[in-house]
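Open the model in your viewer and keep the sequence panel visible. The stops below go from one selection to the next.

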Amino acid sequence: MSKPKYVLGIESTCDETAASILGAEGEVLSEVISSQVDLHNIYGGVVPEIASRRHMEVILPVIQEALKGAQISLKEIELVAVANGPGLVGPLYVGIQTAKAIAFGLNIPIIGVNHVEAHLFASYMSLEKPISFPALGVVVSGGHTVIVLIKEMGTYSLLGQTIDDACGEAFDKVAKILALPYPGGPEIERLAKEGDPEKFLFKPGRSKENPLHFSFSGLKTAVLYGFQRADKSDPHLKANIAASFQRAALLDIVNKAKLASLQTGCKDLLLGGGVTNSQELRRLFKEKAKELHCHFPSKTLSLDNGTMIAGLGAYLYQRRGGSDLFSLEAKTRIPFTKS
Ligand code: KG4
Ligand code: ZN
């Protein structure tokens, strides 16, 4: 199958409206991201109705800007890829209906992609040299925390996932406890630099059923009680809590990745999702998991973006062809197993 000359990728699962245009060889011709962080900041989290409305306002200007950046016209697009879940239903439909309208109007194929899988694809796209499969995949984002065995890109089996909160969600909730702005991850990382990670003994939860499952809800509650009971006059209190929580949460990711490597024999690890934005996570992997070859997404691809959607869409289209025009629906949850 010939490769589409230009691929448009659309992302609107949560609080970023993003569009990217890739060339036939996967080269990024333009990437536009409109973040709603300021809108949701005062609520300490994403408000779905407000998010949907903002997506509707900005989606066409974002696509127009992406076309301008790539110096092409809309009718030159040959494939549209859109994230159809998991995510918030209203925001998802804004992206999906826009993508469908473009595909229908131009009579070109449309491919729906899994946003969580796209986070893994972001680090695959960022690889400097090829890796061998099977490999491990870890996605740590605001909505998801999963470890998968990647047989090849597009074919996975689930090794572990969170049984309650996602890792990024725990960062956001702990930030709220400490009265820090949303999103909490970068704020906690900044504050933690001034704190002592050994001051509080916080432990992530365990699952009896599967040692590769995650649980962050108890950790968040331990932080809440730790903060409530602590001496508020201590000027280092918040920094110490941030550092201790961050160490516990991130080490849990590193330790489970190491265990998954022991269980499967895989040494190559693709990481993705907003929490991979953390320099501390990258440092801990280097320090504590020297046996693993860790591959992180490039800086712009760790947070939500249209490039990973376009990249995965083009990859899947090469493998299976077809068009999802009449079957594509918004899915708030999609299990991450494809084998
Ligand atoms: O992947 P993403 O942009 O959206 C989802 O698909 O959920 O991830 C956003 C999440 C937020 O929870 C945010 O707090 C977290 O990524 N995050 C971080 C850092 N930067 C962003 N968590 C920890 N440390 C960071 N530096
Ligand atoms: Zn995401």
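Are histidine 119 and aspartate 304 buried or exposed? Select the two residues in this predicted model: both are buried.

**Zinc site.** Now add the zinc ion (ligand 2) to the selection. Its protein donors are His115 through NE2, His119 through NE2 and Asp304 through OD, at 2.0 to 2.1 Å from the ion. Read along the chain, the donors have the spacing H-x3-H-x184-D. Distant parts of the chain are linked by the pair of histidine 119, in helix α4 (residues 115-125), and aspartate 304, in the loop between α10 (299-302) and α11 (307-320), with 185 residues from one to the other.

**Helices α5 and α8.** Next, select residues 167-177, which form helix α5, and residues 237-264, which form helix α8. Their axes lie 11 Å apart and the packing angle is about 175 degrees. An angle over 145 degrees counts as roughly antiparallel, so α5 and α8 are roughly antiparallel to each other. Show side chains at the contact: α5 brings Cys167, Ala170, Phe171 and Val174, and these meet Phe245, Gln246, Ala249, Leu250 and Ile253 of α8. Of the residues in this contact, eight are nonpolar, one is polar and none is charged.

**Valine 62.** Move to helix α2 (residues 48-70) and pick valine 62 within it. Its relative accessible area is 5%, under the 20% limit, so valine 62 is buried. Leaving aside residues up to four places away in sequence, valine 62 touches Thr17, Ala18, Ala19, Val32 and Ser34. To finish, draw a distance from the C-alpha atom of valine 62 to that of leucine 301: the two are separated by 17 Å and are 239 residues apart along the chain.

Definitions and conventions. Residues are numbered from 1 along each chain as its sequence is written. Chains are lettered from A and ligands numbered from 1 in the order in which they are written. This is a predicted model: local features need pLDDT of at least 70, side-chain atom pairs count only at pLDDT 80 or more; totals for chains, interfaces and linings use all residues. Side-chain values use heavy atoms; hydrogens and water are left out. Donors are N, O and S atoms within 2.8 Å of the metal (3.2 Å for Na, K and Ca); water is not among the atoms, so sites may look incomplete. Helices (H or I, at least four residues) and strands (E, at least two) are DSSP runs, numbered from the N terminus. Buried means under 20% relative accessible area, exposed over 50%, partly exposed in between (1.4 Å probe, protein chains only). Axes are lines fitted to C-alpha atoms, for helices over the stretch in contact, and angles run from 0 to 180 degrees between N-to-C directions. Angles under 35 degrees count as roughly parallel, over 145 as roughly antiparallel, 65 to 115 as roughly perpendicular and the rest as oblique. Contact means heavy atoms within 4.5 Å. Ala, Val, Leu, Ile, Met, Phe, Trp, Tyr, Cys and Pro count as nonpolar, Asp, Glu, Lys and Arg as charged, and the others, Gly among them, as polar.
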